[in-house]
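Trainee: Hey, got a minute? I have a structure open and I'd like to go through it with you.

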Amino acid sequence: MALRIKSYEQYQIDYQKSIENPTQFWEGIANTFTWKKKWENTLDWEFTTPDVKWFEGGSLNITENMLDRHLKKNGDKVAFHWEPNDPCAPNKSITYNELYTEVCKMANALKSLGVEKGDRICIYMPMTLEAVVSIIACARIGAVHSIVFAGFSSNALSDRINDAKAKIVITSDGLNRGAKQVELKGMVDTALETCKSIEHVIVFNCIDSGSNMQEGRDLNYHALIADMPEHCEATEMQSEDLLFILYTSGSTGKPKGVVHTCGGYMVYTSYSFENVFQHEGSDVFWCTADIGWITGHSYIVYGPLLSGATSILFEGVPTYPDCGRFWAICEKYKVNQFYTAPTAIRSLMGEGLDVVNKYDLSNLKVIGSVGEPINEEAWQWYFDNIGKGNCPVVDTWWQTETGGIMLSGLGDLSPMKPTHAGYPLPGIQPVLLDGDGNIIEENEQEGYLCIRFPWPSMIRTTYGDHDRCKNVYFSNYKGYYFTGDGAKRDVDGMYRIIGRVDDVINVSGHRFGTAEIEDAINTNEHAIESAVVGYPHDIKGQGIYAYVVVNAANETDPEEMRKSLIESVSQGIGKIAKPDKIQIVTGLPKTRSGKIMRRILRKIAEGEKTNFGDTSTLLDPEVVELIVKESF
Ligand code: PRX
């Protein structure tokens with residue numbers, strides 16, 4: 001592909017061009033893809049409604065760019081090395097030719113079930129090749145996938161299915177996770193008790209658990225695709241047709257379905273993949289994210305396949321069978337670019353160097369970080385011990401809503417500084433705003449990170465509720481996309497992300513709204529009221545601290561009460577959102593108008609005992625004293 005920037009000077013020149021003439025710049029990149037029909041209008045936009053259209057009039061199918069166009073020259077190239085959870089189980093490699101066949105068979109199977117362009121398909125799957133095939137099969141026939149991370153509960157799953165009105169769920173009987181096996185199909189069955197839109201459940205047999213199949217509704221994945229034709233015409237999609245929905249948490253309400261569209265997402269994920277990782281044809285790339293998050297969408301599935309890359313798909317966890325698993329896999333497949341989250345780095349750091357130094361990591365060229373701020377100690381450990389002082393660390397800042405990496409170094413081309421994500425990619429125009437919406441020109445001042453010009457893979461809407469998209473992202477600062485993050489820019493123009501400025505917490509790189517956790521807690525029969533805040537956590541980045549007012553506090557054992565509240569969160573969202581600390585309180589600090597003063601609760605969770613700033617609006621200051629006295 002002819003997309004790669006090859007020097008820092010070229011980056012500076014391209015960046016300038018992309019700002020001075022964005023449409024010409026992106027036309028150049030878009031022209032390197034296969035279009036069924038060339039676009040007429042490169043960009044049409046306004047950030048009020050908002051209304052953003054890239055490559056209008058053009059039509060394409062993204063899967064032709066991920067598969068078909070590679071087949072002639074690179075059909076026998078490995079697309080994925082699948083590494084199972086159990087290192088002794090057989091691994092599998094799938095070539096582009098084989099992936100094409102599998103995708104076409106699955107696409108034909110979906111069609112045989114009556115799936116049409118625009119229908120929504122929910123994918124609730126472990127990290128398997130079948131999951132990747134299912135995703136691409138949806139895109140092949142223009143069905144809109146909505147992947148739900150397999151760690152979410154049946155309640156969370158049914159909310160997402162209902163919001164998208166999905167027609168089919170693709171799932172597995174269960175999944176392997178380290179030494180454990182987790183049941184999935186039962187979760188789906190429970191979820192479907194409250195979902196009317198689902199016509200069929202396609203079940204891939206992953207752990208041989210012999211799960212119950214409901215006649216007429218449930219179909220076995222492999223039996224279904226076995227006799228399907230090996231070719232499937234790629235459905236013609238308009239640039240702005242929906243490619244997928246991915247649910248993500250915000251400050252308020254239930255998670256929202258972020259919508260990405262075909263043309264722009266294709267152009268940007270491929271461009272960012274090749275440049276950030278400086279990926280070359282024969283390199284082996286490994287992104288350790290789960291396909292249920294945006295990182296997995298953009299940098300396991302779409303970006304690498306669009307660029308014809310060979311990637312690793314890992315079913316397991318970094319600590320099984322021991323804490324050297326990541327490094328063992330890097331050695332086994334001679335990984336060249338490795339992309340993971342700070343939380344993984346921090347937890348593996350604690351295991352000492354013997355478990356790292358056993359393995360040959362000399363093939364690594366670029367090591368990346370994503371999902372949360374990386375602290376200096378973790379950055380340095382990663383750089384010294386994994387990159388051996390030779391590999392640039394690309395600290396990539398982006399979001400579900402941005403679709404692709406926005407701020408980052410480009411492999412070894414860019415200068416780097418620990419804890420700084422660095423510079424914007426070409427085409428990205430970040431600004432820092434103060435509380436009044438004025439642009440902060442000076443350096444080293446914290447501001448609200450906003451983007452002032454569209455980029456191809458940006459969020460188009462929140463599914464079924466365009467007003468929500470407008471209110472959350474485009475209303476705080478008129479004319480800007482608001483990221484929800486606070487950031488600083490240093491004298492060299494490098495950006496440093498401080499963290500969320502809204503009620504979103506980032507736990508091990510997973511994003512939760514405090515309101516959504518409170519809602520789950522409040523479903524507990526004992527909970528009267530709750531307030532959830534984040535607090536600094538050595539490994540997870542942020543931990544979840546819940547203050548809960550309960551009834552029958554005196555009659556129930558506090559440990560039992562905590563367990564029961566945790567269970568409510570596990571059921572409402574999933575185990576991944578379990579509070580780390582639950583403090584049973586008699587009341588929450590409120591203003592006279594009844595608003596919870598979270599600022600105070602955040603300070604208490606951080607360990608503050610006396611200095612809470614202005615508390616003059618507090619209704620009952622004694623509540624604070626009581627909470628402090630019993631805090632962890
Ligand atoms: O706060 C930022 C943080 O993760 C948020 C986005 O979360 P999500 O949509 O789940 O996507 C995560 C993976 C792209 C951001 O608003 N974040 C992401 N990357 C970084 C980061 N914070 C600091 N540094 C990063 N590199």
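Trainee: How many disulfides does it have?

Mentor: The count comes to zero disulfides. Keep in mind that this is a predicted model.

Trainee: Okay, take C138. Why no bond there?

Mentor: The closest cysteine sulfur is in C122, and it sits 9.9 Å from the sulfur of C138, so that's too far for a bond. A disulfide needs the two sulfur atoms within 2.5 Å.

Trainee: And is C138 buried or exposed?

Mentor: Buried, because its relative accessibility is 0%.

Trainee: What about C391?

Mentor: C391 is in no disulfide either. The nearest cysteine sulfur belongs to C330 and is 10 Å away. C391 has 3% relative accessibility, so it counts as buried.

Trainee: Switching to helices. How do people describe two that pack together?

Mentor: Two packed helices are described by the angle between their axes and the distance between those axes.

Trainee: So what are the angle and distance for α3 and α4?

Mentor: The axes of α3 (residues 62–74) and α4 (residues 96–112) come within 9 Å, and they cross at roughly 145 degrees. The crossing is left-handed.

Trainee: Which residues make the contact?

Mentor: From α3 you have M66, L67, D68, H70, L71 and N74. From α4 there are Y96, N97, L99, Y100 and V103.

Trainee: How many of those are nonpolar, polar or charged?

Mentor: In the contact of α3 with α4, seven are nonpolar, three are polar and one is charged.

Trainee: Now α17. What span should that helix have, and how far apart are its ends?

Mentor: Helix α17 runs over residues 558–572, which is 15 residues, so at 1.5 Å a residue it should span 21 Å. The C-alpha atoms at its ends are 21 Å apart, which agrees.

Trainee: Which of its residues are buried?

Mentor: In α17, M561, L565, S568, V569 and S570 are buried.

Trainee: And what covers them?

Mentor: The cover for the buried residues of α17 includes helix α16 (514–522) and the strands β28 (527–537), β29 (541–550) and β30 (581–585).

Trainee: What comes just after α17?

Mentor: G574 does, and it takes a positive phi of about 145 degrees.

Trainee: You mentioned α16. Where does T514 fit in?

Mentor: T514 is found in helix α16. Its relative accessibility is 5%, so T514 counts as buried. Setting aside neighbours within four places in sequence, T514 is in contact with D503, I505, V532, V533 and R598.

Trainee: New topic: where are the cis peptide bonds you'd point out?

Mentor: One joins T49 and P50, with omega about -15 degrees. P50 is in the loop between β1 (41–46) and β2 (51–56). Another runs from Y320 to P321, with omega near 0 degrees. That proline, P321, lies in the loop between β17 (310–314) and α11 (325–333).

Trainee: Back to phi. Which residues other than glycine have a positive value?

Mentor: Among them is E444, with phi near 60 degrees. E444 is in the loop between β21 (430–433) and β22 (447–451), and it is partly exposed, with a relative accessible area of 46%. S508 is another of these, with phi near 50 degrees.

Trainee: Where's S508?

Mentor: S508 lies in the loop between β26 (504–507) and β27 (510–513).

Technical notes:
Residues are numbered from 1 along each chain as its sequence is written. This is a predicted model: local features need pLDDT of at least 70, side-chain atom pairs count only at pLDDT 80 or more; totals for chains, interfaces and linings use all residues. Side-chain values use heavy atoms; hydrogens and water are left out. Axes are lines fitted to C-alpha atoms, for helices over the stretch in contact, and angles run from 0 to 180 degrees between N-to-C directions. Helices (H or I, at least four residues) and strands (E, at least two) are DSSP runs, numbered from the N terminus. A crossing is left-handed if the near helix is turned anticlockwise from the far one by less than a right angle, and right-handed if clockwise. Contact means heavy atoms within 4.5 Å. Ala, Val, Leu, Ile, Met, Phe, Trp, Tyr, Cys and Pro count as nonpolar, Asp, Glu, Lys and Arg as charged, and the others, Gly among them, as polar. Buried means under 20% relative accessible area, exposed over 50%, partly exposed in between (1.4 Å probe, protein chains only). The expected span of a helix is 1.5 Å times one less than its number of residues.
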